[in-house]
Amino acid sequence: MNIPVFPETNVALKGKKGLIVGIANDQSIAWGCAKAFRALGADLAVTYLNEKAKKHVEPLASALESPIFMPLDVMVEGETEKVFERIEKEWGQLDFLLHSIAFSPKGALHGRVVDVDREGFQKTMDVSCWSFMRMAHLAEPLMKNGGTIFTMTYYGSQMVVKNYNVMGVAKAALEAAVRYIAAELGPKGIRVHAISPGPLATRAASGIPEFDELMDKAQSQAPTRSLVSIDDVGKATAFLALDGAKLITGSVLYIDGGYHIID
């Protein structure tokens with residue numbers, strides 16, 4: 001595992017406090033984003049899913065010098081609230097939040113949308129969409145001087161992508177939530193963004209059948225003829241947390257080499 005050092009060469013986010021939800025390992029999109037935020041001087045709270053994941057995330061949180069490192073499984077009652085309670089107690093504020101989690105039971109994800117049962121659909125929506133809405137609700141009172149809320153989406157929310165199935169439905173709902181929450185929180189100076197990277201070889205993506213073919217297609221057809229990296233996503237996401245992006249909100253930012261414009 002390559003653990004970076006974060007020299008303070010640019011302190012555009014110095015003094016800002018951020019919560020990073022979704023680091024599973026050093027291939028996670030959330031890790032790419034966390035590195036970019038930290039490189040700009042931000043202080044980061046980091047969560048991990050469970051004890052099994054902790055051993056992979058703890059060295060990364062240590063490299064980020066995270067003063068808050070806590071478990072967070074959004075399906076466990078009260079864990080989400082505990083994270084925000086500790087942030088309020090120790091920091092008294094939150095300047096940005098990164099929600100980078102999604103889940104669908106294998107039986108739901110690998111089948112047709114029309115065949116998904118209620119339990120599979122509810123679990124997919126709970127983790128992939130409602131948890132974002134809940135975190136935005138909890139973040140709002142901590143963003144006393146404005147802030148930025150991010151979540152991760154994918155092109156399969158807008159177009160039918162083979163094997164993306166019910167996750168495409170969940171991501172469409174997530175993007176709608178971004179628009180509505182952006183409208184509701186905008187008067188308080190809180191911006192809300194959906195980040196839509198191109199295909200990435202992450203742990204979450206490994207659950208999608210024929211994912212290698214999807215990556216090959218993206219690389220061959222994207223205008224830039226290149227695949228996106230977690231660092232590409234991180235740098236673009238961090239930009240949106242800066243004051244220079246204070247009038248950008250409520251939209252989907254595609255970081256995919258332009259693939260989304262190709263028929």
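This short presentation goes through the overall fold, one helix, a surface patch and the salt bridges of the structure shown above.

Good morning, colleagues. Please keep in mind throughout that this is a predicted model.

I begin with the overall architecture. The protein contains eight helices and seven strands. Its C-alpha atoms occupy a box of roughly 45 × 40 × 40 Å along the principal axes. How does the radius of gyration agree with that of a compact globule? For 263 residues, a compact globule would have a value near 18 Å, and the protein has 17 Å, so the two agree. As for burial, 51% of the 263 residues count as buried.

Let me turn to helix H5. This helix runs over residues 118-139, which makes 22 residues. From its first C-alpha to its last it reaches 29 Å, close to the 32 Å expected at 1.5 Å a residue. Where does H5 bend? The bend is at Asp-126, and it amounts to about 45°. The buried residues of H5 include Met-125 and Val-127, which stand on either side of Asp-126 in the numbering. Also among them are Gly-120, Thr-124, Phe-132, Met-135 and Leu-138.

Next, the surface. Which residues form a nonpolar patch there? They are Val-113, Phe-121 and Val-169, and together they have about 210 Å² of accessible area. Val-169 belongs to helix H6, residues 166-185. With a relative accessible area of 34%, Val-169 is partly exposed.

I now come to the salt bridges, of which the structure holds nine. I shall discuss three of them.

The first on my list joins the side chains of Asp-43 and Lys-17, at 2.8 Å from N to O. Asp-43 lies in strand S2, residues 43-48, and Lys-17 in strand S1, residues 17-21, so this pair ties together parts that are 26 residues apart in sequence. Are these two partners buried or exposed? Asp-43 counts as partly exposed, because its relative accessibility is 24%, whereas Lys-17 is buried, with a relative accessible area of 17%. The pair also takes part in a network of salt bridges that links Lys-17, Arg-38, Asp-43 and Glu-65.

The next pair is Asp-115 and Arg-112, whose closest N and O atoms are 2.7 Å apart. Here Asp-115 counts as partly exposed at 49% relative accessibility. Arg-112 is exposed, at 55%; the cut-off for exposed is over 50%, which is why the two residues are classed separately.

The last pair is Lys-188 and Glu-140, whose side chains meet in a salt bridge at 2.5 Å, N to O. Lys-188 is located in the loop between H6 and strand S6 (190-197), and Glu-140 in the loop between H5 and strand S5 (147-152), so the contact ties together parts that are 48 residues apart in sequence. Glu-140 is partly exposed, with a relative accessible area of 23%.

Finally, a word on helix H1, residues 29-39, which contains Ala-34. How accessible is Ala-34? Its relative accessibility is 0%, and therefore Ala-34 counts as buried. Between the C-alpha atoms of Ala-34 and Ala-45 the separation is 9.6 Å, and these residues are 11 apart along the chain.

To close, I would recall two points: H5 bends by about 45° at Asp-126, and Lys-17 and Asp-43 belong to a salt-bridge network with Arg-38 and Glu-65. Thank you for your attention.

Definitions and conventions:
Residues numbered from 1 in each chain as written. Predicted model: local features only at pLDDT ≥ 70, side-chain atom pairs only at ≥ 80, totals over all residues. Heavy atoms only, no water. Helix = DSSP H or I, 4+ residues; strand = E, 2+ residues; numbered from the N terminus. Expected span 1.5 Å × (residues − 1). Bend = angle between axes of the 7 residues up to and from the residue. Buried < 20%, exposed > 50% of the residue type's maximum accessible area, 1.4 Å probe, protein only. Patch = residues over 30% accessible without salt bridge, like charges linked within 9 Å, V, L, I, M, F, W, Y side chains within 5 Å. Areas by Shrake-Rupley, 256 points an atom, 1.4 Å probe, with all protein chains shown as cover. Salt bridge = Lys/Arg side-chain N within 4 Å of Asp/Glu carboxyl O. Rg over C-alpha atoms; globule rule 2.2 N^0.38 Å.
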